[in-house]
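Colleague: I'd like a close look at one part of this model, please: the pocket and the charged side chains that go with it. Take me through it slowly, with the reasoning spelled out.

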Amino acid sequence: MKRGLLITFEGPDGSGKSTQVELLKKYLKDRGYEVIFTREPGGTFIGEKIRNIILDNKNADMNAMCEALLYAASRAQLVSEIVKPAINAGKIVICDRFVHSSIVYQGIARNLGIERIKGINDAALDGLEADLIFMLNISFEEGLKRKALQKEFDRLENSGDEFHKNVFLGYEVIGKTYSNINNIDASKDEHLIHEDIIKILQSKLN
Ligand code: TYD
């Protein structure tokens, strides 16, 4: 059986990932592909419990390394339970956030260091790599505007403006230095963004 694909979406909070994931899911399903959608942290029964611990505002005292290990723990479960079996069965897996979120949020914005985060995640990924990474880029100012429309904030969203500024800067850095990341201008109309994504995807599907 032909191996499937792992497609991941990355970007700061409010970059429109969920909308693009939905549009892509529909595009692929309409063309007869078997598509599995998942998200991080979470995506499995165990991972969703870990997600609740990570995002709970009552855990404001969580140590940064504890946070990084919990994200990696959720990822290890998702990879072994969902992603690897689906790819081995020839399916396309779309994941809303993956390891680059840890590199940016924990490695850069929480200042734990990219190499340490990569080390933890090498263990969690057990050799798996994404086939296509789409990074949705918006400016920090646009992100703040979109956030202002939101009513409730989880623990990560409550981590302060400086943390979020560093998330934006972090994404900018990895978008420029990691050659396997596809940078997408997410300030455009959502249908134009979708078209950009499809153009890149087609070269992988062929
Ligand atoms: P979620 O509600 O899924 O955010 P979004 O809708 O923006 O994707 O919450 C996930 C939060 O966790 C988000 O603020 C990003 C953060 N995160 C990390 O800090 N590290 C990680 O490895 C992942 C996957 C997410």
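Modeller: First, a yardstick: a residue is called buried when its relative accessible area is under 20%, exposed when over 50%, and partly exposed in between. Keep in mind that this is a predicted model.

Let's start with the space itself. The largest pocket holds about 470 Å³. Its lining is made of 22 residues, and the ones closest to the centre are D13, K17, E40, R51 and R97. Several helices contribute: α1 (17–30), α2 (45–55), α3 (64–88) and α4 (99–109) each give at least two residues to the lining. Sorted by character, that lining has 10 charged residues, seven polar ones and five nonpolar ones.

Now for the ligand. It has 14 residues around it, with Y71, R75, R97, S102 and Q106 the closest. R97 is also one of the residues closest to the centre of the largest pocket. Three side chains come up at short range. S102 has an N or O atom 2.6 Å from an oxygen of the ligand, and for Q106 the partner is a ligand nitrogen, at 2.8 Å. D13, another of the residues closest to the pocket centre, puts a polar side-chain atom 3.0 Å from a ligand oxygen.

Which residue pairs up with E40? That would be R75, through a salt bridge with the closest N and O atoms 2.6 Å apart. The two come from distant parts of the chain, 35 residues apart: E40 is in the loop between β2 (35–39) and α2, while R75 belongs to helix α3. Here the yardstick earns its keep. E40 counts as buried because its relative accessible area is 6%, and R75 is buried as well because its value is 1%. So this pair ties one of the residues closest to the pocket centre to one of the residues closest to the ligand, and the pairing itself is a salt bridge.

For contrast, try a pair inside one helix. E22 and K25 make a salt bridge at 3.1 Å, N to O. Both are in helix α1, three residues apart, or about one turn. Are these two buried or partly exposed? E22 is partly exposed because its relative accessible area is 41%. K25, at 17%, falls under the 20% cut-off, so K25 counts as buried.

A further pair is D196 with K188, where the closest N and O atoms are 2.7 Å apart. D196 is buried at 18%, whereas K188 is partly exposed at 34%. Salt bridges with shared partners also join E67, R110 and R155 into one network. If you count every salt bridge, the total comes to 14.

One last stop, for comparison. The second largest pocket has about 260 Å³ of space. It is lined by 14 residues, and V99, H100, I103, L125 and E129 are nearest its centre. Helices α4 and α5 (114–125) each supply at least two of the lining residues, with α5 giving the largest share, four residues. This lining splits into eight nonpolar, three polar and three charged residues, whereas the largest pocket's lining has five nonpolar, seven polar and 10 charged. Helix α4 is worth finding on screen, since it appears in the lining of the largest pocket and in that of the second largest.

Technical notes:
Residues numbered from 1 in each chain as written. Predicted model: local features only at pLDDT ≥ 70, side-chain atom pairs only at ≥ 80, totals over all residues. Heavy atoms only, no water. 1 Å grid on protein atoms, 1.4 Å probe; cavity = no way out; pocket = protein on both sides within 12 Å on 5 of 7 lines; lining within 4 Å. Points joined across faces, edges and corners; volume = space filled by probe spheres on them. Nonpolar A, V, L, I, M, F, W, Y, C, P; charged D, E, K, R; others polar. Salt bridge = Lys/Arg side-chain N within 4 Å of Asp/Glu carboxyl O. Buried < 20%, exposed > 50% of the residue type's maximum accessible area, 1.4 Å probe, protein only. Near = heavy atom within 4 Å. Polar contact = N/O pair within 3.5 Å; in protein donor to acceptor, adjacent residues only side chain to side chain.
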